[in-house]
Amino acid sequence: MLIFDLSNVCFDVGENEFLKELCILHNLDESHFFSYYKKYLVRAEKDEISSKELWEAMSKEFNISFNHDEIVEELAKRFIPKKNMIELIKKVRDKVRVAFLTNYCKGYWDKLSKKFNFDEFFDFGIVSYQV
């Protein structure tokens, strides 16, 4: 069996670039923003809070009304397969089972799993919020 990390190995994510763009757009201190975001993201990836609660906390901390649905939609748009890795996975899948591991919260994952049929590439996968 081969296990791949989904984000930034099999797929380009673009999350950090998008968050940097939010900081620029709203004139936010990037270091403070990322620190606060990561603190809540870890909790969401463990399913302790929802992605909606994550962005509500971000809105409160930065006194900005972040739109959860728009943010999740934008993040999903930036999630792009790495062609060379997908080709490799397809080649080896004929010979061995192929799985993925990834850290995502339910809200983000729900959107991504609607955009992509991960069963097309992998025999199974584990998403952090599920365990």
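**Terms and values in a predicted model**

Biologist: Which residue of β5 stands opposite leucine 101?

Modeller: Isoleucine 126 in β5 stands opposite leucine 101. This is a predicted model, in which local features need pLDDT of at least 70, side-chain atom pairs count only at pLDDT 80 or more, and totals for chains, interfaces and linings use all residues. Residues are numbered from 1 along each chain as its sequence is written, and side-chain values use heavy atoms, with hydrogens and water left out.

Biologist: What makes a stretch of chain a strand or a helix?

Modeller: Both are DSSP runs numbered from the N terminus: helices are H or I with at least four residues, strands are E with at least two. On that basis the protein chain has 6 helices and 5 strands, in the order β-β-α-α-α-α-β-α-β-α-β from the N terminus. Strand β4 covers residues 98-102.

Biologist: How do you know that β4 and β5 pair?

Modeller: Two strands pair if DSSP finds at least two bridges between them. For β4 and β5 there are 4 bridges, in the parallel sense, so the definition is met. Besides leucine 101, phenylalanine 100 has a residue of β5 opposite, glycine 125. Strands β1 and β4 are likewise parallel, with 4 bridges, and aspartate 5 stands opposite leucine 101 there.

Biologist: Why are β1 and β5 called edge strands?

Modeller: The open sheet has 3 strands in the order β1-β4-β5, with parallel pairing. β1 and β5 (124-127) have a single partner strand each, so one side of each lacks a neighbour in the sheet. Neighbouring strands are turned by 20 degrees against each other on average, direction ignored. Helix α5, residues 83-93, packs on the sheet and touches β1 and β4, with its direction at about 165 degrees to that of β1. Such axes are lines fitted to C-alpha atoms, for helices over the stretch in contact, and the angles run from 0 to 180 degrees between N-to-C directions.

Biologist: Why is tryptophan 109 called buried?

Modeller: Buried means under 20% relative accessible area, exposed over 50%, and partly exposed in between, with a 1.4 Å probe and protein chains only. Tryptophan 109 has 7%, so it counts as buried. This residue lies in helix α6. Leaving aside its neighbours within four places in sequence, its contacts (heavy atoms within 4.5 Å) include Phe100, Thr102 and Val127.

Biologist: Why is aspartate 47 called partly exposed?

Modeller: Its relative accessibility is 43%, which is why it is classed as partly exposed. Aspartate 47 lies in the loop between α2 (30-45) and α3 (51-62), and has a positive phi of about 65 degrees although it is not a glycine. From tryptophan 109, aspartate 47 is 62 residues away in sequence and 12 Å away in space, C-alpha to C-alpha.

Biologist: Why is β4 described as largely enclosed?

Modeller: 4 of its 5 residues are buried, so the rest of the structure largely encloses β4. Over the 131 residues of the protein chain, 44% count as buried.

Biologist: What makes a space a cavity or a pocket?

Modeller: On a 1 Å grid over the protein atoms alone, a cavity is a set of points where a 1.4 Å probe fits but cannot get out, whereas a pocket is an open set with protein on both sides within 12 Å along at least five of seven lines. Lining residues have an atom within 4 Å of a point. Grid points are joined across faces, edges and corners, and the volume is the space filled by probe spheres set on the points. The structure holds 1 cavity of 30 Å³ or more. The largest cavity has about 80 Å³, and its lining includes Val72, Phe79 and Tyr108. The elements giving two or more residues to this lining are α4 (68-77) and α6 (106-115).

Biologist: How do the lining residues of the largest cavity divide by class?

Modeller: Ala, Val, Leu, Ile, Met, Phe, Trp, Tyr, Cys and Pro count as nonpolar, Asp, Glu, Lys and Arg as charged, and the others, Gly among them, as polar. The lining of the largest cavity has 8 nonpolar, no polar and 2 charged residues. For the largest pocket the lining has 9 nonpolar, 6 polar and 6 charged residues.

Biologist: Which helix gives the largest share of the pocket lining?

Modeller: Helix α2 does, with 6 residues. The largest pocket holds about 430 Å³ and has 21 lining residues, with Ser7, Asn8, Val13, Glu15 and Glu45 nearest its centre.
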